[in-house]
Structures are given as C-alpha cells and as structure tokens.
Amino acid sequence: MGRRTRRRWVSETPNNFYFSEENPKLDDCVIISVAEFEAMRLKHYMKLDQQRSAERMGISQPTFSRVLDSAHQKITQALIYGKVIQVYGGNIDYKKKWVGYGCLSCKHEWEDRTASKEKKVNCIKCNSPDVYFFVREVI
Ligand SMILES: [Zn+2]
C-alpha cells in the first residue's frame with residue numbers, strides 16, 4: 001500500500017514540453033560550463049553529498065554550492081523558456097590516470113609514462129634524490 005503523495009501547489013504550468021535543437025521556436029540557448037555539468041552529475045546523478053562532490057572537483061564546499069546553484073538557475077531558465085542547453089567551457093581539468101614522481105624536497109610532481117617503483121630517479125627540478133613514485137587514479 002503506497003503512501004499518498006501530498007498535493008503540490010504550482011503557480012505556473014510549463015510552456016515548453018519538448019527540448020531539442022530542431023525546435024524552430026528556439027532562438028537562444030543556455031550555456032552550462034563543464035564544471036556546472038559535473039557538479040550536477042556528482043550531486044544529482046552519482047548522489048554524492050556536497051562535501052564529497054566538492055572534494056572530487058577540488059573546490060571548497062561554498063564554491064561547489066555556487067557552481068551547483070548557477071547550474072540550477074540556467075537549467076531552470078532553459079525549462080521555462082524552452083532554450084537549448086549547451087555544455088562547454090570554464091576553467092576545468094580532466095581527471096585521468098597518470099603515473100609519475102613527486103619530490104619530497106621541492107614538492108614538484110611530474111608525469112612520466114615509464115615511471116615505476118623500482119626505478120631510481122632524481123627530481124627534474126631540484127635534482128634531489130628524495131623522490132617518490134605515484135599513480136594518480138581516476139576518481
Ligand atoms: Zn625537487
């Protein structure tokens with residue numbers, strides 16, 4: 001026996017029910033940055049909480065909250081005005097797996113496709129032998 005859904009009040013019904021580039025009514029589009037897209041993906045699709053989402057994107061929680069809010073505003077505009085949604089741009093960095101070394105002396109980290117735990121190398125910046133091997137995983 002399902003719980004009865006409480007009635008929701010709405011003050012305006014949608015003018016647009018169909019969103020596509022082919023729609024001749026659409027003369028404008030809303031641009032979502034890749035960061036805004038990622039914020040929505042982590043929070044609403046991956047269902048991560050704000051803290052985890054912010055960590056994954058390497059930004060503070062207040063910043064994450066701002067990015068997500070901006071995304072919601074744009075999507076809402078697109079829904080109301082039947083605008084096309086485009087995703088691009090912004091200050092982003094794609095997460096990919098890479099191997100390399102880090103230096104304990106000068107904190108420099110660099111990618112080296114041939115890197116391994118066994119190989120002994122010196123820092124490419126300060127020539128220090130106190131170097132560690134690491135694998136940066138895709139998160
Ligand atoms: Zn160094």
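Let me begin with one pairing in the sheet: Cys103 has Val131, in strand S5, as its bridge partner. Please keep in mind that what we are looking at is a predicted model. That pairing belongs to a longer run, since strand S3, residues 98-103, is joined to S5 by 6 bridges, with the two strands running antiparallel. Taken as a whole, this is an open sheet of 3 strands, in the order S4-S3-S5, with antiparallel pairing. Strand S4 (109-111) and strand S5 (131-136) are at the edges and have a single partner strand each, so one side of each has no neighbour in the sheet. From one strand to the next, the twist averages 30°.

Now to the helices, and to H3 in particular. Helix H3 has 21 residues and spans 30 Å from its first C-alpha to its last, which is close to the 30 Å expected at 1.5 Å a residue. Its buried residues are Phe64, Val67, Leu68, Ala71 and Ala78, and because they fall within an arc of 95° when seen down the helix axis, they line one face of H3. The face turned away from that buried side carries exposed residues, namely Pro62, Asp69, Gln73, Thr76 and Ile80. Covering the buried residues of H3 are, among others, strand S1 (29-32), H1, helix H2 (50-57) and strand S2 (84-87). Just after the helix, Gly82 takes a positive phi of about 65°.

Finally, the core. The largest nonpolar core has 9 residues, including Ile32, Ala39, Phe64 and Ala71; helix H1 (34-45) and helix H3 (61-81) are the elements giving two or more residues to it, and H3 supplies the largest share, 4 residues. Leaving aside residues up to four places away in sequence, Ala71 touches Ile32, Glu36, Ala39 and Met40.

How values were computed
Residues numbered from 1 in each chain as written. Predicted model: local features only at pLDDT ≥ 70, side-chain atom pairs only at ≥ 80, totals over all residues. Core = buried A, V, L, I, M, F, W, Y, C linked by C-beta atoms within 7 Å. Buried ≥ 20, exposed ≤ 12 C-beta atoms within 10 Å, placed from the backbone. Contact = placed C-beta atoms within 7 Å. Pairing = 2+ DSSP bridges. Axes fitted to C-alpha atoms, helices over the stretch in contact; angles between N-to-C directions. Expected span 1.5 Å × (residues − 1). Arc of directions from axis to C-beta.
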